[in-house]
Amino acid sequence: MLRKIVRRSVPTFLGALALAGGEAGATGNGSDAGPRLVIVAGVGGSPEHRERFSGWARELCAAAVATPVPARVRVLVERPPEAGESGDPCAPAGRSTEEALAREIEAAGETGAAEAGLVLILIGHGSGGGNPRFQLPGPDLSPERLGEMLQSAGAGPVTVAHLGSASGAFVPALSGPGRVVLTATRANETNETRFPRHFIAALAGDDGDRNKDGRLSALEVFDFARRGVEREYEQEGLLRTEHPLLDDNADGLGSLEPEAAPGTDGVLAGRRVVLVRSAAAVADSSGDTPEIRRLIAERDALASRVDALRDAREGMDEETYLAELEALLLQIAELAERIAALREKTE
């Protein structure tokens, strides 16, 4: 009987999970702040580019802190001022060297910080060919070195957005379970990118929130920026020299147009909240305790297993698939009941 109930309720349950559960709850989990956001403005190469990159970093930071769940933002730039304005959350925390970046990523993995997750945004120039790099003061950053750094970020959700040229070359080294990787270009596209302006517009305005639920997912931000780039080139009648990629299924390839369907890129990115823009979107979780947040993290991990199981369904026996799905859904339902009961006690 229970299996029949699960059969009937799976579509409804998974639809609700995609909208209200999964990683959508991770940003609005009642912690003192949202995810740790590290914004890195690399070497400009000219005063004009240096100012542009640092200005974009400030715009991103301003969008991230002016929300009901402000991110804990750390901004690194090529040439930070000697003294920032007192109390300014967007004042640069230091110079954007490889060493400073490694410290910021390591801090994101410290106890109590990892569960909220890390969002890393790279702004600047990239180089392609057989030796891809993101240009920083001092040693430039290789995809492999950044991949090593991210290992110290812990088991929490990690989202990386590389907004520079030749950024697609970073996808294979950064791809992995639980990772969402966005890039402005394919690996071999080395022209200056237009993607950052549209990426910032998605975070700073309301138009990027396609489903109007008050939360900006990584997929929504990517799609908004991608379409903005396409439209800009089309309006100017130019041949496109940048093709953004998204990878979130750990295959290291990246998709030009994520489908958010089982087995494709876009499923995890659609649930990975980058920014919460509406107080209503987090009202239910505003008083969550550490115990509730721990249970939410367990629920989200099970939700990820549901996604993985759905991806593997085609090669499975149907009865085995339904049995495993039933077990996961029952565990998620039990956790949901425990979370609701604990929230009632804290009201």
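Reader: What makes the order of the seven strands an open sheet with two edges?

Author: In this predicted model, the seven strands follow the order E3-E2-E1-E4-E7-E8-E10, with mixed pairing. Strand E3 (94–95) and strand E10 (245–247) each have a single partner strand, so one side of each is left without a neighbour in the sheet.

Reader: How do you know that E1 and E2 pair, and in which sense do they run?

Author: Two strands count as paired if at least two bridges are found between them. Strand E1 (residues 36–41) and strand E2 (residues 72–77) are joined by five bridges and run parallel. The pairing criterion is therefore met. Within this pair, Val 40 stands opposite Leu 76 in E2.

Reader: Which helix packs on the sheet at E1, and how is that helix directed?

Author: Helix H4 (residues 98–108) packs there, touching E1, E2, E3 and strand E4 (118–123). The direction of H4 makes about 170° with that of E1. An angle over 145 degrees counts as roughly antiparallel, so H4 is roughly antiparallel to E1.

Reader: What makes H4 a mostly covered helix?

Author: Eight of the 11 residues of H4 are buried. They are Glu 98, Ala 100, Leu 101, Ala 102, Glu 104, Ile 105, Ala 107 and Ala 108. The buried residues of H4 pack against E1, E2, E3, E4 and H5.

Reader: Why are H4 and H5 called roughly parallel?

Author: The two helices pack at an angle of about 30°, with their axes 9 Å apart. Angles under 35 degrees count as roughly parallel, and H4 and H5 are therefore roughly parallel to each other. The contact involves Glu 98, Leu 101, Ala 102 and Ile 105 of H4, and Arg 145, Leu 146, Met 149 and Leu 150 of H5. By class, these residues divide into six nonpolar, no polar and two charged.

Reader: Where does H5 lie on the sheet, and what is its angle to E4?

Author: Helix H5 (residues 143–150) lies across E4, strand E7 (158–162) and strand E8 (179–183). The helix runs at about 160° to E4. As this angle is over 145 degrees, H5 counts as roughly antiparallel to E4.

Reader: How do you know that E8 pairs with E7 and with E10, and in which sense is each pairing?

Author: The requirement is at least two bridges. E7 and E8 are joined by five bridges and run parallel, whereas E8 and E10 pair in the antiparallel sense over three bridges. Both pairings therefore satisfy the requirement. On the side of E7, Ala 161 has Leu 182 of E8 as its bridge partner. On the side of E10, Val 181 stands opposite Asp 247.

Reader: What makes E8 mostly covered, and which way do its residues point?

Author: Five of the five residues of E8 are buried. Arg 179, Val 181 and Thr 183 point one way, Val 180 and Leu 182 point the other way, and all are buried. In a regular strand, side chains alternate between the two faces of the sheet.

Reader: Why is Thr 185 called buried?

Author: Thr 185 belongs to the loop between E8 and H7. Buried means under 20% relative accessible area; Thr 185 has 0%, and is therefore buried. Leaving aside neighbours within four places in sequence, its contacts include Gly 164, Ser 165, Glu 242 and His 243.

Reader: Why is H3 described as roughly parallel to H7?

Author: The axes of helix H3 (residues 47–65) and helix H7 (residues 195–204) come within 9 Å and cross at roughly 20°. That angle is under 35 degrees, which makes H3 roughly parallel to H7. H3 passes H7 in a left-handed crossing. The contact is made by Trp 56, Glu 59, Leu 60 and Ala 63 of H3 with Pro 196, Arg 197, Phe 199, Ile 200, Leu 203 and Ala 204 of H7. In this contact there are eight nonpolar, no polar and two charged residues.

Reader: Why is Ala 341 called partly exposed?

Author: Ala 341 lies in helix H11 (residues 318–346). Its relative accessibility is 37%. Buried requires under 20% and exposed over 50%, so Ala 341 counts as partly exposed. Ala 341 and Ile 292 are 49 residues apart in sequence and 9.8 Å apart in space, C-alpha to C-alpha.

Key:
Residues are numbered from 1 along each chain as its sequence is written. This is a predicted model: local features need pLDDT of at least 70, side-chain atom pairs count only at pLDDT 80 or more; totals for chains, interfaces and linings use all residues. Side-chain values use heavy atoms; hydrogens and water are left out. Helices (H or I, at least four residues) and strands (E, at least two) are DSSP runs, numbered from the N terminus. Contact means heavy atoms within 4.5 Å. Axes are lines fitted to C-alpha atoms, for helices over the stretch in contact, and angles run from 0 to 180 degrees between N-to-C directions. Angles under 35 degrees count as roughly parallel, over 145 as roughly antiparallel, 65 to 115 as roughly perpendicular and the rest as oblique. A crossing is left-handed if the near helix is turned anticlockwise from the far one by less than a right angle, and right-handed if clockwise. Ala, Val, Leu, Ile, Met, Phe, Trp, Tyr, Cys and Pro count as nonpolar, Asp, Glu, Lys and Arg as charged, and the others, Gly among them, as polar. Buried means under 20% relative accessible area, exposed over 50%, partly exposed in between (1.4 Å probe, protein chains only).
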